[in-house]
Amino acid sequence: MPVIQVNWRDLEKLVGKSLSEEEISQYLPALKCEIEGIVGDEIEYEATHDRPDLFSAEGLARALKGLLELEVGLRKFNVKGISTELPARGPAYRPYVLGAIVRGLDLDEEALKQIMNLQEKLHTTYCRDRRKVSIGLYDLSTVKFPIKYIAVKPEEISFVPLGETEPMTLNEILSRTEKGRMYAHLVRGHDKYPLLIDSEGTVLSFPPIINSEDTKVTENTREVFIDVTGVDLNAVMNVLKVIVTSVAERGKPEVIELVKVTFEDGREVVSPDLSAQEMLFDPNLVERLVGIKLGIDDIRSLLRRMRHEAEPVNDVLKVQVAPYRLDILHQVDLAEDVAMAYGYENIGPEPIPTSHPGSVHPIEKISRKLRDILIGLGFFEVSNYMMSNPDVLVTRMRLKEQRVIEVENPKMEKYTAVRNWLIPGLLETASLNLKLGYPLKLFEIGDVVIVDEREENKTRTERHLACLIISPEETLTNILVVIKAIMKALNVAYTLRESEHPSFIPGRTASIIVDNNSIGILGEIHPEVLMAFEINLPTVCLEINVNDLLRIISY
Amino acid sequence: MLAGAPDAPISLDPKGTENLLLPERQFRIIEVLSKADKKVLEVNELSRQLGTDPSALMRDLAELEAKGLIRTSKRYIIKAKLTEEGEKFVKKGFPEERLLKKLLEVGEEVPLSTIFSQSFRERAELSTDEVKIAINHLIRLRAIRIERGSVKLASKEEIEGILARIRSEREGLRKLRDATLSQVDDTVQFFRRRKLIELREKTILEVGLTDKALEMLERGQIRSGIVVTRLTPELIVSGKWRSAIFKKFDLRVDVPTVYPSRKHPYMELLDDIREILASMGFEEVKGPHVELEFWNFDSLFQAQDHPAREIHDTFYLKFPKRGSVSDKDLLERVKRTHENGWITGSKGWGYKWSPEKALKLILRTQTTAVSMRVIYERGEGEYRCFSLDRVFRPETLDPTHSMEFYQLEGIIVGRRVTFRNLLWFFNEFAKKLGLGWVKIKPAYFPFTEPSVEGFIKHPKLGWIEVFPGGMFRPEVLYPLGVKNCNVAAWGIGIDRIAMAMLEIDDIRDLFSQRIDFLREKPVPIIRSLWR
């Protein structure tokens, strides 16, 4: 979640009222803004992904004005007509561009900082690190309309990038500037790069990499041109709505002018689209979903406090949602706004009677029984991670050909795969505890995952039980005693069938058979395996599929 | 009373109140004393009669005195002991005696040079010093006199008398060997000055029976028993336990620590949590650990380019890579919902949904995938389910992060289920876990609306987020076939709560492989389950 810094005084200026610390700590969390800290005049909070309009002081102030009832209902923006055309002839891999003009701005140092930070927070979140969308702001007085969005060869053009003093070609920008190196992967490999250029040949920016130094916004800037480029027109428009409406809050008052973008295929889009989204809201939804009984007038006024317009039409409310509220997809989102304005702390819990008795899963129930038996036999329970690695699961166990479930993007060498049996993990644990004395008797009951082509997820989870005994004098007898005790306690008849398994000593390993099906294995661990786990003592162990056992018992 | 009288041993004899059962040796002490004159004996005598060393008796005497059966008193005496020289003189005679006898053999007048000569001394068995001492004594006794370098003897009669006197002195010395003296007379002083004897003051302990002991003896109430340190089968079978005296156990002595084989503390806690949920009407459900992105994300209305679906937040599988969904209608419904909201009343996300992406296999990042499968299978109705199993995220294992952890997930499905019911669940569950009041705040999750985050107050960490939840969105429920029911859902990272309850600070310790760590952890107790 993005962490935002705003200045208390600047926020008061935007709200138009002094704000107490109590008001800050009450109303910010009511907008899902979790306060991280207040140091001097700097307030730091964590905003949620769904509310990019709260990523800067402008949008936060607008929302606070509603909650404080200083200004409720829809924020209406002063939008004039179309003042320029923008031909969109960018590269096919980043085809979309939209623009807007905002005049009448009054910017100071803090305002500049907020707008720049908003741009950055949008870039890292909604814009998916500029991959999907990127934003540019320019001092309008430095450019001459019409502006064009074009595709150029990397060496064809050069300009002074933001923060630099020398002109550079596009390729030089990618290798020599910090932003260039950070975002080069978004354009590199294509023969043409996107460029925004004005009618006199002044470069505005090299989207999505960097703006030009010549067109940068300063405290003296009174009018800005804003462009948003990207790979998804809908997302481009959404980002433009958020940035334009936020910048507009710095107007005295603002004047927003539209840009008509013409695409190569003849399509025309007028931006920004600041029309309110209309939505019908059933007031009963508040009771049905949230559980609070409110009259239609109360709901209307709560919606207005959340900066929506709401008018009753028959039994429903016709709601106008502000263009920057990208999170409102459905009536339920309005219901949440009502609940937030009402105050979560005022909602209160309501018990719901149980209609059915609850239950613990049978696999957990049988696991408990097995735990009790194993503990009765003097075994100590351990619990290992399900994540492991092929070295432990396969190589050290002398299983040459087996393929285990591996992840593509492991974070640690030790955890790259999912265990398909428990004994390897148990041996690992045992080797760490040999100094505690003998016999060492450990067991684990846990889930393993087995590749299974018949399943939709190509695997199945199985509950297994494994136990081992280590001491200088272990033979197969000691584990045969254990399986006999377990099966006797569960009243399950079984036989042992001699078998072969690379992890065990030949002639000292067996399958555990119930109704002609193998439900597990036991044996004396092969010395080579023991050496691989640095265990210098004879070890006997068994592993059983608990799902099979459960099926047999509950049959 | 003697010092250090220990606690009395314990007899199991039912008649123990009337009869006094004594360890064998203590009984013998009483017996010996009862036969003694005036029923009093010195300890030395007592021990002699018992055939034991006096020091070995002290503990018994202290116990008997504590029981009021004997009385002890102390007396002081002087003991004489012959020195080495004294012993020699008693055996061989005094030097003057031996010299005089030799002189009688040699003649009436003997030159001193002869007396001091080696040959003479060897025959007389006297050292030079002894010769000197002997001459001095003989002069004093007037047995000899020295004239012109020669020794002259007195008359034979005189010498006989002197020799008799010396013999009686020697006899006197012999009698002082190990003698007990009541006083120190001139003779004793004489021998002491000649360093022939040593004198020592000694304490004599006298032991006597009390009247109580005598009375009890008369009535036959004092009996002999054997002291045992442990009960043996032989004692039980033979009935000897009745006359056995049990040594009292010293409880102050520390004993070795033994560790029971036991359940893993975290697994035990999780089992208790399962019980709590079952008691609240929840049925436990399970789902696969390897999951399709479809169930983990798409069905939850998480857009395909949602950041949680990137490789730094989700483990993608190298093998196997791709799964399938046989219900093609379901895929279609989810696709439409993502793209334009389908019939849910939503705008949708407005992008082109890829079935390829949805079929990729991952390690589930949330057990919410299990809830999705359950709702899909059961559809509308009135039910509550929970799952408590492991989920995975690409994290580097450190004290606060883990690539694998337990999630407690739950749903309440029903026509009249509301957000307030979810708040009730949080409070009720927190109460049962003993976590106190839950503070709630609005929150954001892509699949719930309204969404909420519940905080509990941790004694050390302050308010910590533990209960995220909300009402599943129609975009989630409609494609699964649920149009007329609400679903309250929550997914709790139980590790954090478990760490607080098990007093563990390092998340890795929840899966500790160290037995010596695990066995020291107290058994987790959730008090609400005990009422």
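**Two chains, one strand pairing and more**

Trainee: Over how many bridges do strand 21 of chain A and strand 14 of chain B pair?

Mentor: Strand 21 (residues 405-407) of chain A runs antiparallel to strand 14 (residues 317-319) of chain B. Strands here are DSSP runs of E of at least two residues, helices are runs of H or I of at least four, and both are numbered from the N terminus. Two strands pair if DSSP finds at least two bridges between them. For this pair, the count is two bridges.

Trainee: And which residue of strand 14 of chain B stands opposite Val407(A)? Remind me how to read the labels, too.

Mentor: This is a predicted model, where local features need pLDDT of at least 70, side-chain atom pairs count only at pLDDT 80 or more, and totals for chains, interfaces and linings use all residues. Residues are numbered from 1 along each chain as its sequence is written, while chains are lettered from A and ligands numbered from 1 in the order in which they are written. Opposite Val407(A) you'll find Leu317(B).

Trainee: Which helix gives the most to the side of chain B that touches chain A?

Mentor: Contact means that the C-beta atoms of two residues, placed from the backbone, lie within 7 Å. By that count, chain B puts in 81 residues and chain A 77. With eight residues, the top contributor on the chain B side is helix 13 (residues 265-279).

Trainee: Ala278(B) sits in that helix. Is Ala278(B) buried, partly exposed or exposed?

Mentor: Ala278(B) touches Gly358(A), Ser359(A) and Val360(A), leaving out residues up to four places away in sequence. The burial count takes other C-beta atoms within 10 Å, placed from the backbone: 20 or more is buried, 12 or fewer is exposed, and in between is partly exposed. Ala278(B) has 18 such neighbours, so the verdict is partly exposed.

Trainee: Over in chain A, how many of the five residues of strand 10 are buried?

Mentor: Tyr193(A), Leu195(A) and Ile197(A) point one way from the strand, with Pro194(A) and Leu196(A) pointing the other way, and all are buried. Strand 10 (residues 193-197) of chain A is therefore largely enclosed by the rest of the structure, and the tally is five of the five.

Trainee: What is the bridge partner of Lys148(A) in strand 10 of chain A?

Mentor: Strand 7 (residues 148-152) of chain A joins strand 10 of chain A antiparallel, through five bridges. Strand 10 of chain A also pairs antiparallel with strand 11 (residues 203-206) of chain A, over two bridges. There, Val203(A) has Ile197(A) opposite. In strand 10, the partner of Lys148(A) is Ile197(A).

Trainee: Back to chain B: what arc do the buried residues of helix 8 cover?

Mentor: In helix 8 (residues 128-140) of chain B, Val131(B), Ala134(B), Ile135(B), His137(B) and Leu138(B) are buried. The arc is taken from the directions from the helix axis to the C-beta atoms. These buried residues lie on the same side of helix 8 of chain B because their arc is only 165°.

Trainee: Which residues are exposed on the other side of helix 8 of chain B?

Mentor: The buried residues pack against helix 5 (95-106), helix 6 (112-116), helix 7 (118-124) and strand 6 (144-147) of chain B. On the other side, the exposed ones are Asp129(B), Asn136(B) and Arg140(B).

Trainee: Which strands stand at the edges of the seven-stranded sheet in chain B?

Mentor: The sheet is open, with mixed pairing and the order 12-16-17-21-20-19-18. Each edge strand has a single partner, so one side is left without a neighbour in the sheet; the edges are strand 12 (283-284) and strand 18 (439-442).

Terms used
Expected span 1.5 Å × (residues − 1).
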